[in-house]
Amino acid sequence: MTEIKANMAGSVWKITVKEGERISTGQDIVILESMKMEIPIASEASGQVIKLSVSEGDFVNEGDVLATIE
Amino acid sequence: MDNNTYTNLVDKIKKGGAEKYHKINSKKNKLFVRERLEKLFDESVDIEDAFFANCMSEGLPADGVVTGIGKVNGMTVCVMANDSTVKAGSWGARTVEKIIRIQETAAKLNVPMLYLVDSAGARITDQVEMFPGRRGAGRIFHNQIKLSGRVPQVCLLFGPSAAGGAYIPAFCDAVIMVDGNASMYLGSPRMAEKVIGEKVTLEEMGGAAMHCSVSGCGDVLAESEEEAIVFARKYLSYFPDNFKKKPAAIPPVHPASFGSSISELIPDHQNAPFDIYELIGRLIDENSFCEIKKLFAPEIVTGFARLEGNVVGIIANQPKVKGGVLFPDSADKAAKFIQLCDAFNIPLLFLVDIPGFMIGTKVERAGIIRHGAKMLAAMSEATVPKISVVIRKAYGAGLYAMAGPAFEPDCTLALPSAQIAVMGPEAAVNAVYANKIAEISEEERPAFIKQKQEEYKADIDIYRLASEMVIDAIIEPDKLRGELVKRYEIYSNKSVTFTERKHGVYPV
């Protein structure tokens, strides 16, 4: 099980995967908006998205869990 | 001593420690110290002194360290290399004296000093002779600090560098660590458990992967000793032997071919990410990039490269990671790299695409102002040829940190897509018209914001900034390489002294 975390503070602009979806390493799962930039967050693991912990528009801090991959 | 005794003794010393320690090392894919040196040097060590150190004692061949002089890429370099088959590479009195002497030799000859570290630390039984005194281990670090910026100093970390020994890599220009075997720590996990009650593995606390990606104490993570040695040879090819000389040029090579041009690579939309490696690849001689701290603070990219055969040091924002925003670690990474280039006459190239320094509680508490100031100071002080190219945007103090016009770059170039401002249009309009936006109706808002953003964009238009001579030239993206080659050649005669004083006082 791998937790994908935000690498910087910002708001969740887009979620590009769905719960239950199979994804591969390096695939973008969430795009944050921070410092007026789009910050793609890629998965560090291949597997199934078992949980999305955030919704679009949420504020997240550095280190907050965005999704869990198994 | 007859000839037979001499030959026997030499053979014995050359073999290092007991066979069982050689076996333990080879199980961990560790090479014997003399094999490492053969791979590192063009031939081998040409001169070795104090080979017989401690030969009157049993089981301490060369006192656990090889010190000598040889050639790497034809350049003379001094080396010290721990032998971990001899009392785990620990330092006795003669070990320390040998290291100090080879450093003194490097200083006299003005040649690079290499440290091949694989040592358990001080030999406690010898502590009075090797630890506290004038020529105790402290002198090794004192010498390193004195050599810093005079000659290149590189550490290849093949095993532990424990406690005080961890300062050898700390004072080197670059530290290459072998994954799985190399480690740096002040107190071992066993000590941490006893003294502060923390339970942790060596790899978590002081392993190579951690140091190369989290602490920033390591610069390059190598998969094997061979890879580490190949990297060290490559790294040295970008350097002169001392601060008085310039790095040697090699025959020019065309950049690698890509499917698209620079203008096609850069997104129209300022906020969209792109991969800065792809831009770097289109500018530099093929296969010439030698990256430093690739895994640490990847929102800024630092590395050596060649432009028509000549060495440059590149500092580039990476829009693909954290938007290319500067953080405490990225500022720190850039500061050291800039100092390294400036020390050894390596011209600097700043590729700028930066939304600014990160804001928020977390980074303020981490001292982002202090770390950012470090980067500004290093960049400002650098007197080598210094070119700043604004690729897309340079906002706020990001412009300053990336060698903005006020910091005496030899020129500030901009691509037609560039924007330079205190902040981007969205942020600026929100800041300036916050009250007005709140007052007007929701239907009117989008049109109002758009209009103000357009006005703002016109105000910071790159042609306007060129007209005001803020920037020195606007360059077509696909002609950037040619422009850089031409300018670095012209600027190569640059010779300036930053200022006269003992030394600056910066937020280190």
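**Exercise 1. Find which residues Leu157(B) touches, leaving out residues up to four places away in sequence.**

Solution. Start with the contact rule: C-beta atoms, placed from the backbone, must lie within 7 Å. Under that rule Leu157(B) touches Val117(B), Pro169(B), Val175(B), Ile176(B), Met177(B), Val178(B) and Ala182(B).

Before going on, note that the model is predicted: local features need pLDDT of at least 70, side-chain atom pairs count only at pLDDT 80 or more, and totals for chains, interfaces and linings use all residues. Residues are numbered from 1 along each chain as its sequence is written, while chains are lettered from A and ligands numbered from 1 in the order in which they are written.

**Exercise 2. Place Leu157(B) in the largest nonpolar core.**

Solution. First, the terms. A residue is buried if 20 or more other C-beta atoms lie within 10 Å of its own, exposed if 12 or fewer, and partly exposed in between; the C-beta atoms are placed from the backbone. A nonpolar core is a set of buried Ala, Val, Leu, Ile, Met, Phe, Trp, Tyr and Cys residues joined through C-beta atoms within 7 Å. Next, the members. The largest core holds 154 residues, and Leu156(B), Leu157(B), Ile176(B), Met177(B), Ile338(B) and Leu351(B) touch the most other members. Helix α14 (residues 328-343) of chain B gives the most to this core, with 7 residues. Helices (H or I, at least four residues) and strands (E, at least two) are DSSP runs, numbered from the N terminus.

**Exercise 3. Describe the surroundings of strand β13 (residues 386-395) of chain B.**

Solution. Check burial first. In β13(B), 10 of the 10 residues are buried, so the strand is largely enclosed by the rest of the structure. Now list its partners; strands pair if DSSP finds at least two bridges between them.

- Strand β12 (residues 348-354) of chain B runs parallel to β13(B) over 6 bridges. Phe350(B) stands opposite Ser388(B).
- Strand β14 (residues 411-414) of chain B is parallel too, with 4 bridges. Here Val389(B) faces Leu413(B).
- Strand β15 (residues 419-421) of chain B adds 3 parallel bridges. Lys393(B) is opposite Gln419(B).

**Exercise 4. Characterise chain A by its elements and burial.**

Solution. Count elements: 0 helices and 8 strands. Then burial: 33% of the 70 residues are buried. Finally, contacts: among those between residues at least 6 apart in sequence, 55% join residues at least 24 apart.

Technical notes:
Contact = placed C-beta atoms within 7 Å.
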